[in-house]
Amino acid sequence: MSEEEKNNIHSSPSAAYLNRDLSWIEFNRRVLREAQDPSTPLMDRAKFLGIVSSNLDEFISVRVAGIQDQIRAGYTKKDFTGYTPSGLHQRLYKRVGKIVADQYRTFRDISRSLNKEGIILVDYEDLTNAQEAAVEQYYRDIIFPVLTPMAVDQSRPFPLVHSLFIYLAVVLTKKHKEHEEFFFAILQIPSNLPRCIPLPHRANSKRRQFVYIEDVIRAHIGTLFSGYHPVAVNEFRLTRNSDLSIDEEGAEDLLEEIEKELRKRRRGAPVRLEVQKGIHPYALEQLQAEFEAEHFVYEIDGPLDLGFLRQFTGGFKGLSSLNYPPVEPVYPAEFEETEDFFEVLRERDVLVYHPYESFESFIDFITQASEDDQVMAIKMTLYRVSGNSPLITALARAAGSGKQVTVVVELKARFDEERNIAWARKLEQAGCHVVYGLVGLKTHAKITLIVRQEGNELRRYVHIGTGNYNENTAKLYTDISLFTAHYEIGLDASELFNQITGYSANCEWNSFFVAPVSLSNSLKKLIQRESEHAANGRPARIIAKMNSLSNQQVIDDLYEADQSGVSIDLIVRGVCCLRPGVPGLSERITVRSIVDRFLEHSRIYYFENGGNPEVYLSSADWMTRNLTRRVELMCPVRDKTAREQVFQILEMSLKDNQKSSFLLPNGNYERPNDKKAPFRSQFAAMNVESWKYAQALPSDPMHS
C-alpha cells in the first residue's frame, strides 16, 4: 500500500472500510479463478463457471436492484464505506462488465478443452446431413408444439417477460413488399427442454456432440411466421428485481401475504438486460424502450446464461478423470457402533463435520426420535429444506404417533419461499404445530430440541448446526453439527423455542447468545475481553471463520482489539468490509478466503481468553442483517474433545496455502507465495481420522 493510500485511510473514516458490494464482486472473481485454474478438473471448471453466472444473477436481482430503488427514490446519502447509491451503481456496472467479459473468455477456453475431450457444442451450420435431419425431426415433434410466438404491435402490447429466462427477439418484414417495414415479436425458449440437444453419433464413437436449443429454433424460425421474412433473430434475457417487500405487521395471514408477493416478483422492475452481441438495432431499440433499460445493458459474446453448465457437465458417464473423485462421507464413529443416539450423548457430545462426515447421522437422529416411545416432543427450525426431505417424513410420522412436534418454518428464505410454503402445509396436514417465526425477523438459527422421558425426569437432547437442515447442500457445503445433552444448553434451547413460538420475555441465557437480543453486545464484550487480556500481558487471540463480515460496529471493535495487541485471524469466504494490514489500524489482522471444491459455510468463533480458550458455533455471520434482523444463535462448545476438534478445523484452514487468498489493504486478493509444503485444507479434512481422533482427549464432566 502506498503512503498516499495509508494517509487517505487515516484521514477519511469511510476509507477505513471496503464496500460490501465491491467486495462481493471480488469474491465472485475468486470463484471464477477456480474455473480458470488448469489444475481444477475440466468438468469442475465448467461447474464453477456456471456458479459464477448463478451468483451474478442473484447479486443483480437483489443487491443491484436495491441500489436502483434507492436511486429512483432520490436517496443520496453515503454509506459508511463512502459511496452514494449512484456512485456505487456506476462502479458496479463497470466491475460486472469486466467480470462478464472475463467469464466468456474463460468459457471459450473451457469449450476448446471440452472439444479435445470429445464433448463438442456444434454450431448449427456445421451439422452433418444426418444430424440436421435428426434435429429437424426433434424440432417438429418436441420443440415446435410448445413454442408460442408473441407479436408486439398496436393491438398486442408487449407481453410479460419473465426474469432470467432466455427469449428470442425476432425482427421481421412482410414478404413481397416494396417498402421495408419492420415488425417485432418475441419468443420464449422452453426452459423445460434440454438447453443442449444431443446429436446422433456412431455407436463406437467417443465424441459427444450437442447443439443449443436456441440455435435450432433460430434455424426454423420461418415455421412460426408464415408470410414474413425474418431479418434478425437474437437472444435476450431480462433480470428483474426479485426482493420481496412484505408487510408482516399488516398481514392477517403471513403465508398468503408471501404468496401474493411471489406473484408480484414476476413483474419486478427490470434491473439488467443481456442481449446477444450484434443484436439488430431495431430489436435493441424495442427492448430498451419496453424495459426502460439505459444502464446495466450487456452485449454478450456467447450463449446467454452459462448457469446451464452446472447440469450439463453432470450427465456424462465414463469421464471420471475430468471430475474431482467422489467423496464418500464417513459415518461418525461415535454413532456407528450403536443404534441409540441418546445413550451416546448421555456420555459425551459429538461433533460432525460435513460433508466429510455424513449428514445421514442427523437424519437417523431425528428418525430414531420419531420412533422412540419415550420421546415426548421434537422442536426444529427449518430455513432451507431439500426438495424431497426425509426429515419432513420423520416429523410427520412423529406427529402422527402423538408426539408434540413444533416446526419453525422460515417462509421468507429468499428464493425458497414457494418450497417452504409447500412444506409448511404438508407438516400442518400431518398434525405438526407450524410456526412462521417472529414479525420482522427471519428465523435463521439452526437448532433441534428433543425432549425425552427417562425414568422420573425429562432430558433434553439438542442439535446445533452452522448450516441448513438440507441433505443435498450438506454434500456440497462445509458445515458443523454439534449433538449434545448438556443441561444448560438444553435449558436455553427450550427458552429459545418458547420465545419464538410464544410470548416469553427476554431471559438471562445460560449458554446461548441470541440475535437480535444479545448476540451483538456479547460479541463486543468477547472482543473487548481479548483486548483486556492483551493489555495485561495474557494470551489474546481471535480466530473467526464466517461467510461475510460487513457490520461496521464489529469491524471497529476488531480494529480496537488490533491496536490493543490482539492477534486476529479472519477466515472470510465472501464479503469482507474490513481492511487488514493497515499500520496503526489493523496491522495484526489477517483476512483470508478459501474457495475450493466445497462451499465454505461453517461459522466458528475462537477466543483465546487469556489461555482458557472458548469456541462457539453459530448460524450468524458478522453482518448487520444477522445481528439485528434475524433470529440467530451462537452456542459454546462445552465438551473438551469437541472443542479441540473445532480448533483442528480452524488450524487446517489457517494452514491452507493452495486454495486460500489473502485480502490486501486495497481490497484485492492474492494467493500466498510461501515455501512451505503444499497444504489444502479441504483435502486434509477428508482424512477424518487424522484431525478428529488423533488426540482422543477425555470429555469434560459436565452432563447432569
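A helix here is a DSSP run of at least four residues, numbered from the N terminus. A pocket is an open set of grid points, and its lining residues have an atom within 4 Å of a point. The model used in these exercises is predicted.

**Exercise 1. The second largest pocket**

Task: Find which element gives the largest share of the lining of the second largest pocket.

Solution.
Step 1. Start with the volume. The second largest pocket has about 650 Å³.
Step 2. Look at its centre. Among the 25 lining residues, Val122, Asp123, Tyr212, Asp215 and Pro303 are the closest to it.
Step 3. List the elements. At least two lining residues each come from H4, strand E1 (119-121) and helix H6 (213-219).
Step 4. Pick the largest share. H4 supplies it, with 6 residues.
Step 5. Sort the lining by class. There are 11 nonpolar, 4 polar and 10 charged residues.

**Exercise 2. Helix H4**

Task: Compare the reach of helix H4 with the span expected at 1.5 Å a residue.

Solution.
Step 1. Locate the helix. H4 covers residues 85-116, which is 32 residues.
Step 2. Take its reach. From the first C-alpha to the last, H4 spans 46 Å.
Step 3. Compare. The reach is close to the expected 46 Å.
Step 4. Check what follows. Gly118, just after H4, has a positive phi of about 85°.

**Exercise 3. Cavities**

Task: State how many cavities of 30 Å³ or more there are, then describe the largest and the second largest.

Solution.
Step 1. Recall the idea. Rolling a probe the size of a water molecule over the atoms shows where empty space is left.
Step 2. Count. There are 5 cavities of 30 Å³ or more.
Step 3. Take the largest. Its volume is about 70 Å³. It has 14 lining residues, and the closest to the centre are His354, Phe359, Gly467, Asn468 and Asp479.
Step 4. Find the elements. Strand E16 (457-465) and strand E17 (477-484) give two or more residues each to this lining. E17 gives the largest share, 3 residues.
Step 5. Sort the lining of the largest cavity. It holds 4 nonpolar, 9 polar and 1 charged.
Step 6. Turn to the second largest cavity. Its volume is about 60 Å³. Its lining includes Ser53, Asp57, Gln103, Tyr104, Arg272 and Glu274. Helix H3 (42-72), H4 and strand E8 (270-276) give two or more residues each.
Step 7. Sort the lining of the second largest cavity. It holds 4 nonpolar, 2 polar and 4 charged.

**Exercise 4. Two helices in contact**

Task: Decide whether H16 and H17 are roughly parallel or roughly antiparallel.

Solution.
Step 1. Know the description. Two packed helices are described by the angle between their axes and the distance between the axes.
Step 2. Read both values. The axes of H16 (residues 519-535) and H17 (residues 552-563) come within 9 Å and cross at roughly 10°.
Step 3. Apply the cut-off. Angles under 35 degrees count as roughly parallel. H16 is therefore roughly parallel to H17.
Step 4. Name the contact. H16 uses Lys524, Ile527 and Ser531. H17 uses Gln553, Val554, Asp557, Leu558, Glu560 and Ala561.
Step 5. Sort the contact residues. They divide into 4 nonpolar, 2 polar and 3 charged.

**Exercise 5. Backbone exceptions**

Task: Locate Pro355, Pro516 and Leu164, and describe the backbone at each.

Solution.
Step 1. Set the background. Most residues other than glycine have a negative phi, and most peptide bonds are trans.
Step 2. Take Pro355. A cis peptide bond joins His354 to Pro355, with omega about 5°. Pro355 is in the loop between strand E10 (350-354) and helix H12 (360-371).
Step 3. Link back. His354 is also one of the residues closest to the centre of the largest cavity.
Step 4. Take Pro516. Ala515 and Pro516 are joined by a cis peptide bond, with omega about 5°. Pro516 lies in the loop between strand E18 (513-515) and H16.
Step 5. Take Leu164. Its phi is positive, near 70°, and Leu164 is a residue other than glycine. Leu164 sits in the loop between strand E2 (150-152) and strand E3 (166-174).

Terms used:
Residues numbered from 1 in each chain as written. Predicted model: local features only at pLDDT ≥ 70, side-chain atom pairs only at ≥ 80, totals over all residues. Heavy atoms only, no water. Expected span 1.5 Å × (residues − 1). 1 Å grid on protein atoms, 1.4 Å probe; cavity = no way out; pocket = protein on both sides within 12 Å on 5 of 7 lines; lining within 4 Å. Points joined across faces, edges and corners; volume = space filled by probe spheres on them. Nonpolar A, V, L, I, M, F, W, Y, C, P; charged D, E, K, R; others polar. Axes fitted to C-alpha atoms, helices over the stretch in contact; angles between N-to-C directions. Parallel < 35°, antiparallel > 145°, perpendicular 65-115°, else oblique. Contact = heavy atoms within 4.5 Å.
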